[in-house]
Amino acid sequence: MADFETPEMKEYPEIPHIQVGTMAHSKPFVAKEEFQEALGFPGELVDNWQQVAYDKMEELTGKYRSLAVFLDSCVKCGACTDKCHYYLGTSDPKNMPVARQDLFRKVYRRKFTFAGKYFPKLVGAVDLTEEVLNDWYTYFHQCSQCRRCSVYCPYGIDTAEISMAAREVMDEIGMGQKYCNEIIAKVYKIGNNLGLPQPALANTLEGLEEDIEDETGVTVRLPLDVKGADVLVVTPSADFFAEPHVDGLIGYAKVFHESGISWTLSSHASEAANFGMFIGSYENMRKVALRIREAALDLGVKRIIFGECGHAWRVAYNFLNTLAGPFDFLDPKYPVPMHIMEFTHDLIQRDALTLDKSANDDMVLTFHDSCNVARASRMGPKPGGQFTLPRDVIRASCNHFYDMPQDTIHEATYCCGGGGGLLTDDLMELRVKGALPRMEALKHVVDKYGVTHMAAICAICKSQFAKVLPYYGFQMDSIVSVHQLVSNAIVLGNKQ
Ligand code: SF4
Ligand code: SF4
């Protein structure tokens, strides 16, 4: 365990007293030259970084009107101040969403507004000095881009978008973040965040097929690079090996087996995650997304289905068509893209799966809404499907389910603390402290209903919780995949 104190869980969430600068020391490693350059950014801080940053800010505020509106419209009402899990967990006032935005806004005002140019002190406008840049690097890497604050802002100001813009400006001057940029570079080179090459992937999938057969006596395939399959499944690479993710992948395979619909994974598009969004880079987001189009065309599939990954679904749901479309070569009967939850939910609705709920009787479950799914996407044909579909699938797979308090779920959900490109050990203190509100909500249902496990549909949430749960006295394996529950409950070979 790292050298910091885990916050104390309270019965009811408390708004902390401000402690200035408590997280000023927390920052991720800067990206190495090779990873910066792989993404098309300068390898190190450029000489005229200040001017390059101003030029980029001008470009971004011109290109993205929402960004300029967000920067111009804050009235300092304070409604967002206590809504960020990082403020609640760290007490650092610069983790209040409005204060985080102001780090960018005060430079924007200085350079791009009349008042800021001529009366800077009156409007709190400042130049982008080294000190301000240092604050940007520190505190824009303490925002998981979860959008919770935007739900409570009367003007809908989205701090996530400002944080993405700040990171893009920093990349542009040669000050990118190691974790995200190294991962994106790996996707370009090998195809996935983990750097898992095709032979290793094929080997892993074969091993999983053997495990399923040993356990169930049924041959369930996990096909790779099969031309002519109906469905291409694009899933986070963590699904290929990490617990509890891999149990979810086994669940997808069993669902496809029962459905009789042919499917395949792809070694070219072996990564659903798209860290291009975290660094605010449209170009990199597009380059990552295009691999999915290329794989779909190459394999000749009719549908693309995404596995359990929160931000991948945000990118897919919101942007895939414009980033990598048109998808006019796919079957028009199905939405592009589709979520594995929609696929499984539909089969359950049509009574095409047999699920024995008692197989999960050793667990009492709750569900963590992942922020990118909850606040930045939808699922299924009806509004709010992103909340109801996963819960329907869980309830169809187990007998004991209880939701956490209302103000911590659905669109009010708290981030796991590790999203937005912050799932790195360099930021462990931030990750543990940022998980506090979710841990308090979990404790509530543990104490009240005897909840033993929390299910999630996001690879980052699963990895983050597996790491931080023990800091709060919970078992690391009390986080599970939703399709792991389906996998436990599904009765193979029961439907024709
Ligand atoms: S987007 Fe999320 S992490 Fe960022 S400031 Fe808002 S609440 Fe905090
Ligand atoms: S809630 Fe919106 S308008 Fe109010 S301080 Fe926060 S960002 Fe500004």
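This passage describes the ligand surroundings, salt bridges, helix packing and backbone features of the structure. The model is predicted.

Two ligand shells are considered first. Around ligand 1 there are 13 residues. Those that come nearest are Cys-84, Cys-143, Cys-146, Arg-147 and Cys-149. Three elements give two or more residues to this shell: helix 4 (85-90), helix 5 (97-112) and helix 8 (148-152). By class, the shell around ligand 1 holds six nonpolar, four polar and three charged residues.

Ligand 2 is surrounded by 13 residues. The closest are Cys-74, Cys-77, Gly-78, Cys-80 and Cys-153. The shell around ligand 2 divides into 10 nonpolar, two polar and one charged residues.

Cys-153 also serves as a reference point for Arg-438. The C-alpha atoms of Cys-153 and Arg-438 are separated by 21 Å. Along the chain, these two residues are 285 residues apart. Arg-438 is found in helix 19, which spans residues 436-449. The relative accessibility of Arg-438 is 0%, so this residue counts as buried.

Charged side chains come next. Side chains of opposite charge can pair when their charged atoms come close. Across the whole structure, 24 salt bridges are found. Three of these pairs are described here, followed by a network.

Lys-10 forms a salt bridge with Glu-14. The closest N and O atoms of this pair are 3.3 Å apart. Lys-10 has a relative accessible area of 31%, so Lys-10 is partly exposed.

A second salt bridge brings together the side chains of Lys-83 and Asp-82, at 2.6 Å from N to O. The two partners fall on either side of the 20% limit for burial. Lys-83 has 16% relative accessibility and counts as buried, because the value is under 20%. Asp-82 has 22% and counts as partly exposed.

A third salt bridge links the side chains of Glu-429 and Lys-433, with an N to O distance of 2.6 Å. Both residues lie in helix 18 (residues 428-434). They are four residues apart, about one turn of the helix. Both partners count as buried: Glu-429 has 16% relative accessibility, and Lys-433 has 14%. Elsewhere, salt bridges that share partners build a network. Its members are Lys-56, Glu-59, Lys-63, Glu-168 and Glu-172.

The packing of one helix pair was also examined. Helix 15 (residues 340-349) packs with helix 21 (residues 482-489). The angle between them is about 30 degrees, and their axes are 11 Å apart. Angles under 35 degrees count as roughly parallel, so helix 15 and helix 21 are roughly parallel to each other. The crossing of helix 15 past helix 21 is left-handed.

The backbone has several features worth locating. Most residues other than glycine have a negative phi, and most peptide bonds are trans. The residues below depart from one or the other of these patterns.

Two cis peptide bonds are described. One joins Gly-325 and Pro-326, with omega about 0 degrees. The other joins Val-336 and Pro-337, with omega about -5 degrees. Pro-326 is found in the loop between helix 14 (310-324) and strand 4 (338-339). Pro-337 lies in the loop between helix 14 and strand 4 as well.

Two residues that are not glycine have a positive phi. Ser-91 has a phi of about 70 degrees. Its place is in the loop between helix 4 and helix 5. Helix 4 and helix 5 are among the elements that give two or more residues to the shell around ligand 1. Ser-91 has a relative accessible area of 9%, so Ser-91 is buried.

Asp-225 has a phi near 55 degrees. Asp-225 lies in the loop between helix 11 (198-216) and strand 1 (231-234). At 28% relative accessibility, Asp-225 counts as partly exposed. Thus Ser-91 is buried, whereas Asp-225 is partly exposed.

Terms used:
Residues are numbered from 1 along each chain as its sequence is written. Chains are lettered from A and ligands numbered from 1 in the order in which they are written. This is a predicted model: local features need pLDDT of at least 70, side-chain atom pairs count only at pLDDT 80 or more; totals for chains, interfaces and linings use all residues. Side-chain values use heavy atoms; hydrogens and water are left out. A residue is near a molecule or strand if one of its heavy atoms lies within 4 Å of it. Ala, Val, Leu, Ile, Met, Phe, Trp, Tyr, Cys and Pro count as nonpolar, Asp, Glu, Lys and Arg as charged, and the others, Gly among them, as polar. A salt bridge is a side-chain nitrogen of Lys or Arg within 4 Å of a carboxyl oxygen of Asp or Glu. Buried means under 20% relative accessible area, exposed over 50%, partly exposed in between (1.4 Å probe, protein chains only). Axes are lines fitted to C-alpha atoms, for helices over the stretch in contact, and angles run from 0 to 180 degrees between N-to-C directions. Angles under 35 degrees count as roughly parallel, over 145 as roughly antiparallel, 65 to 115 as roughly perpendicular and the rest as oblique. A crossing is left-handed if the near helix is turned anticlockwise from the far one by less than a right angle, and right-handed if clockwise.
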